[in-house]
Amino acid sequence: MKAAATYQKLRGGYYTPEPIANFLARWAIQSPTSQVLEPSCGDGIMLEAAVQALVELGTDPAVVTEHLVQAVELDPHEALQAANRLHELNAPISPVQIHVGDFFEYAQERLSKDHLFDAVIGNPPFIRYQSFAEEHRIIAFYLMQQAGLHPSRLTNAWVPFLVASTLLLKKHGRLAMVIPAELLQVDYAAELRYFLSNYYSNITLITFKRLIFENIQQEVVLFLGERNGAEHTGIRTVELDNIEELTSYIHTNFSHSDSKPMDHSTEKWTRYFLDKHEIDLLRALEANPNLIRAGNVIDVDVGIVTGLNEFFVLAEHQVKQFSLEDYTQRIVGRSGHLQGIIFSDSDWKTNAAKQYPAFLLCLPDVPFDTLPDPVKDYIIRGEEKEINKGYKCRIRKHWYTVPSVWTPQAFMLRQVHSYPKIILNEASATCTDTI
């Protein structure tokens, strides 16, 4: 069952690995007089990298933090840790100026005074929209609207964080940040992609084949944005195996000779991992009036949102154990349970025989007292585990009734591997929202 959200998860704080902090600081900071902002400093690892980068460029250690480095941190304990980290540096550096409070409030004040930075480096908090504090959201959305964007209440906190950080850059500034890889393709970031492609002269995206945060299953991209006052050169992509490979790029001033031209639209940035000829082909196909788009002949929707699959999606032995045979419907729980391009009656029976979760608990939307005893017993088991208190369940009239159950004519996989695939549904099964 799902555990309660940790404080770390609610505040979105996941510490940046040292190789990434060193890389971002040394790429973004170009001059010994650069004014640097770390908008979410956490325990200070990026601040340390920024100070070291300035010293390497010849900055007098005595003036690094007093005049050049600014930081923001919401958590007072984390801010103290960051200050202590800088005290422990070998160079005689005074405490950095760390603003303890909301970054969006800080950004609004700086922008009102036109106090901008040469370099902004950071790892924005990965706070999902459900945990985005309203007092912070109000200012964050105001800043986005001032930039011509139209946020919704489904906007995660890192989006306005990136926008506000961008607005705080000087005309020839650089921004280097750890950003969720969803930036590249999710629909809710489409307007953000358009904004970034028009704001920066050059963009470099660095991705990794392996996850770089041990505590979260979150793929990230290193976003490197340059404002150099010149015409838009384009976008460059670099794919590395792991963070150790960043070492060889730490002093690289990326050449944009192999950049791909951006069309400055809301198109997904995953296409920029293709070569120029492939991108040109895609654009030509999209412009071809004789080709039929899938959206013209297919209605696509997500599968069933149960509230908690572990309770609502059962294996055959569980159905028999709790005597729920009359209250289930066929379901496919995972893409790995779909083989080939036709899902037949025998395919579903094979899944059931393998004890895959192939049965959806499909209870009528009626009062508890009207249900038979075996069903009541199973519902009580769920309440003992507090499944009824989960958000998706508690907003229902009867928490145990899964709404909007429907049977599609075909399945499509949300996360494809080598190629997209459509599987005909001849088994009359429904599916979870992983499909």
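**Notebook: two sheets and a leucine patch**

I started at β6, where N202, T204, I206 and F208 point one way and I203, L205 and T207 the other way, and all are buried. Worth writing down straight away: this is a predicted model. The split fits the usual rule that in a regular strand the side chains alternate between the two faces of the sheet. I then checked how β6 as a whole comes out. Seven of the seven residues in 202-208 are buried, so the strand is largely enclosed by the rest of the structure.

**Neighbours of β6**

Next I looked up what sits on either side. β7 runs antiparallel to β6, and six bridges join the two. I picked out one pair there: L205 has F223 of β7 as its bridge partner. With β8 the pairing of β6 is parallel, over seven bridges. Here I noted T204, whose bridge partner in β8 is R236.

**The whole sheet**

Which order do the strands take? I traced β3-β2-β1-β4-β5-β7-β6-β8, eight strands in an open sheet with mixed pairing. At the edges I found β3 (97-100) and β8 (234-240), each of which pairs on one side only. From one strand to the next, the twist averages 15°.

**Over to β2**

I wanted to see whether β2 looks like β6 in its burial. Five of the five residues of β2 are buried, so this strand is largely enclosed by the rest of the structure. V69, A71 and E73 point one way from it, while Q70 and V72 point the other way. I made a note that E73 and Q70 are on the buried list along with the rest.

For partners, I found β1 and β2 running parallel, joined by three bridges. In that pair E38 stands opposite A71 of β2. β2 also pairs with β3 in the parallel sense, over four bridges, and E73 has V100 in β3 as its bridge partner.

**β1, β4 and the helices on the sheet**

β1 (residues 36-38) pairs with β4 (residues 117-122) too, in the parallel sense and over two bridges. L37 is the residue I marked, standing opposite V120 in β4. Then I looked for helices. Helix α6 (residues 103-112) lies across β1, β2 (69-73), β3 and β4, and runs at about 140° to β2. Helix α8 (residues 158-167) packs on the sheet as well, touching β4, β5 (169-180) and β7 (220-226), with its direction at about 160° to that of β5.

**Second sheet**

I moved on to the other open sheet, which has four strands in the order β9-β12-β10-β15 and mixed pairing. β9 (313-314) and β15 (430-431) stand at its edges with a single partner strand each, so one side of each is left without a neighbour in the sheet. Inside, β10 (residues 328-332) and β12 (residues 359-361) run antiparallel, joined by three bridges. R330 stands opposite F359 of β12. Helix α13 (residues 345-353) packs on this sheet and touches β10 and β12, its direction making about 95° with that of β10.

**Last look: the surface**

Which residues make the nonpolar surface patch of about 400 Å²? I listed L274, L281, L282, L285 and L291. L291 sits in the loop between α10 (276-287) and α11 (309-312). Is L291 buried, partly exposed or exposed? I put it down as partly exposed because its relative accessible area is 46%.

Note on methods: Residues are numbered from 1 along each chain as its sequence is written. This is a predicted model: local features need pLDDT of at least 70, side-chain atom pairs count only at pLDDT 80 or more; totals for chains, interfaces and linings use all residues. Side-chain values use heavy atoms; hydrogens and water are left out. Two strands pair if DSSP finds at least two bridges between them. Axes are lines fitted to C-alpha atoms, for helices over the stretch in contact, and angles run from 0 to 180 degrees between N-to-C directions. Contact means heavy atoms within 4.5 Å. Buried means under 20% relative accessible area, exposed over 50%, partly exposed in between (1.4 Å probe, protein chains only). Patches are made of residues with over 30% relative accessible area and no salt bridge: like charges are joined within 9 Å, nonpolar side chains (Val, Leu, Ile, Met, Phe, Trp, Tyr) within 5 Å. Accessible areas come from the Shrake-Rupley method with a 1.4 Å probe; for residues, only the protein chains shown count as cover. A salt bridge is a side-chain nitrogen of Lys or Arg within 4 Å of a carboxyl oxygen of Asp or Glu.
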